[in-house]
Amino acid sequence: MKKNVSPILAAVLILAALAAVQVLYWRGLLGQAPGRARDNVTQGHGGGERGPVGLEEVQVVTVAGSPSPGWRDGTGDEARFDGPAAVAVGGAAIYVADGGNHCVRAIDRAGEVTTIAGKPGKAGFRDGPAAEALFSSPAGVAVARDGSLLVSDTGNHRIRRIRNGVVTTLAGSATARDDLGREMGGYRDGPAREAEFRYPVGLAVDARGGVYVADAGNHKVRYISPQGVVTTVPAEGGAHMDAPTSVALTGNGLLVAADPNGGCLWVGRQGAALRKWSPPEGSGLRSPSGVAPGRGPDGGPALWVADCKTHSLFLVEEDAVILAAGPASARRPGWVDGAGSAARFSSPAGLASGPGGEVYVSDFGNNCVRRVSIPLGATGWAETGEPATRSRGGRAPRGSANRDRQTRGGAPGGN
């Protein structure tokens, strides 16, 4: 399907009228349907685009999958996904919420993809043994403190847990159904199994074992406490979120939520209200869909942000917004590995930090999982692997090929 759908229009139509297929919520929200065939994506550098491109020192590699949608376990590009909406890293595996296939997948260190829960292609709701359990368009995944896997079962409006090969419901309850018999979701705080969600998406686990949820359909961020109580994280001044799709916790104690329809991030200390942060004009960051903590070009802490509308990845570092990978153009999505200046994505969605400073991307429109990294030594880092002294006061990262293209001013968590 080549037609691009306005994220705002799609969200309004789907959230208000409950369109026929649950997975269309996520596809409409990102504004780019999956299933773009290999022949229809940009295969080479440039693609006739003009304007800024990503950093030369950033490296993008496809870990598993191919632009051709489907379901198949296997190694690397032999595997098939259908609209992977989120990724998480835990232990020796990368976990994938494979929304179009209604299942949860895992990628091991050798690139081998296996299905660990759900029945591929069969939507429904059922707890029990992982191979018999049913999901409906899962769009969020996170590793819990005890090593279990948490899944936003978006179409079922619940948060599920996979532990020791068994799927249970962590939070969310049955809600009213529409004329076609589908649950419509709801909004209620309280005990986790009595609480209600509406199209929950991104997940993030804090140091205490609590879980933050991007509750897109309710336009809020929710919190499931370690004691099993659901509350709502307030927005500063009662501000309205459009549809948050991703949440992340940074090393300096910030909670960040991505709001693609609102074109902004929501930022705040844990336990405090979230404030709206809009990207500086001219930064190129237009529709943040995924967030994850990571490191910047000079080795210091930074926030990685996926932009589903411009098909690019950005770094927010202190007071700078840096185009890291992709062309920051909404005109031509693509599928190209290589340097950040040449790499192409198609509606990148979820992000997850890896143990070596790399970031994994669920490349939703390309039906694959990508790895993005900045090799040590690329920007003047010490040979020991420790970062060189950080530039302060909003100076451009040393050695950045994109130095003149970064935009400064009011980045979340800036010093």
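## Strand S4, its partners and some outliers

Q: What makes S4 and strand S5 (residues 103-107) a pair?
A: Five bridges join S4 to S5, and the two run antiparallel. Two strands pair if DSSP finds at least two bridges between them. Five bridges meet that cut-off, so S4 and S5 are called paired. Strands are DSSP runs of E (at least two residues), while helices are runs of H or I (at least four), all numbered from the N terminus. One bridge partner is Arg 105 in S5, opposite Val 96.

Q: What kind of model is this, and which atoms count?
A: This is a predicted model: local features need pLDDT of at least 70, side-chain atom pairs need 80 or more, and totals for chains, interfaces and linings use all residues. Side-chain values use heavy atoms, without hydrogens or water, and residues are numbered from 1 along each chain as its sequence is written.

Q: How do you know that strand S3 (residues 84-90) also pairs with S4?
A: S3 and S4 share six bridges in the antiparallel sense. Gly 90 stands opposite Ala 93 in S4. The two strands form a hairpin with two residues between them, and Gly 91 in the turn has a positive phi of about 65 degrees.

Q: Why is S4 (residues 93-98) called mostly covered?
A: Six of its six residues are buried, where buried means under 20% relative accessible area, exposed over 50%, and partly exposed in between (1.4 Å probe, protein chains only). In a regular strand the side chains alternate between the two faces of the sheet. Both faces of S4 are covered: Ala 93, Tyr 95 and Ala 97 are buried on one side, and Ile 94, Val 96 and Asp 98 on the other.

Q: What makes the phi of Tyr 199 stand out?
A: Phi of Tyr 199 is near 55 degrees, a positive value in a residue other than glycine. Most residues other than glycine have a negative phi. Tyr 199 lies in the loop between strand S12 (190-191) and strand S13 (200-205).

Q: Why is Tyr 199 called buried?
A: Its relative accessibility is 2%, so Tyr 199 counts as buried.

Q: How do you know whether Ser 347 is buried or exposed?
A: Its relative accessible area is 0%, so Ser 347 is buried. Ser 347 sits in the loop between strand S25 (338-339) and strand S26 (348-353).

Q: Why is Asp 77 called exposed?
A: Asp 77 has a relative accessible area of 52%, so it is exposed. Asp 77 is found in the loop between strand S2 (74-75) and S3.
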